[in-house]
Amino acid sequence: MIAEVTTGTAADAAGLKAGDRLLTLDGRWTDSPADVSEAARYVKPGRPAAAVVKRGQRTLTLTMTPRIGL
């Protein structure tokens, strides 16, 4: 579950919101904080990555493009 989204980050630009449940990041399952960290290791700055989230009853696919340091 996403607790907070920092303004100006790739997650913010993609439309992630506090309360979203991150299901996959760039095709990798994210069932735990450790899974999220592992999946994020493979996402390269400047390359778009799909984040599949559960928001209420809806499942959304959001595209984020991480930048170095954000």
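What volume does the largest pocket have?

1. In this predicted model, the largest pocket has a volume of about 390 Å³. Its lining is made up of 19 residues, and those that lie nearest the centre of the pocket are Ile2, Leu22, Leu25, Thr30 and Val36. Two or more lining residues come from each of α1 (10-14), β1 (21-25) and α2 (33-41).

2. As to the character of that lining, 14 of the residues are nonpolar, while three are polar and two are charged.

3. The secondary structure of the protein consists of two helices and four strands, and these elements follow one another from the N terminus in the order α-β-β-α-β-β.

4. On overall dimensions, the radius of gyration of the protein is 11 Å, which agrees with the value near 11 Å that a compact globule of 70 residues would have. The C-alpha trace, taken along its principal axes, spans about 30 × 25 × 20 Å.

5. On burial and surface, 33% of the 70 residues in the protein are buried, with under 20% relative accessible area as the cut-off. The protein exposes about 4,600 Å², and 56% of this area is supplied by carbon and sulfur atoms.

6. Turning to contacts along the chain, among those in the protein with a separation of 6 or more, 38% are accounted for by residues 24 or more positions apart.

Methods
Residues are numbered from 1 along each chain as its sequence is written. This is a predicted model: local features need pLDDT of at least 70, side-chain atom pairs count only at pLDDT 80 or more; totals for chains, interfaces and linings use all residues. Side-chain values use heavy atoms; hydrogens and water are left out. On a 1 Å grid over the protein atoms alone, a cavity is a set of points where a 1.4 Å probe fits but cannot get out, and a pocket is an open set with protein on both sides within 12 Å along at least five of seven lines; lining residues have an atom within 4 Å of a point. Grid points are joined across faces, edges and corners, and a volume is the space filled by probe spheres set on the points. Ala, Val, Leu, Ile, Met, Phe, Trp, Tyr, Cys and Pro count as nonpolar, Asp, Glu, Lys and Arg as charged, and the others, Gly among them, as polar. The radius of gyration is taken over C-alpha atoms; the globule rule is 2.2 Å times the number of residues to the power 0.38. Buried means under 20% relative accessible area, exposed over 50%, partly exposed in between (1.4 Å probe, protein chains only). Contact means heavy atoms within 4.5 Å. Accessible areas come from the Shrake-Rupley method with a 1.4 Å probe; for residues, only the protein chains shown count as cover.
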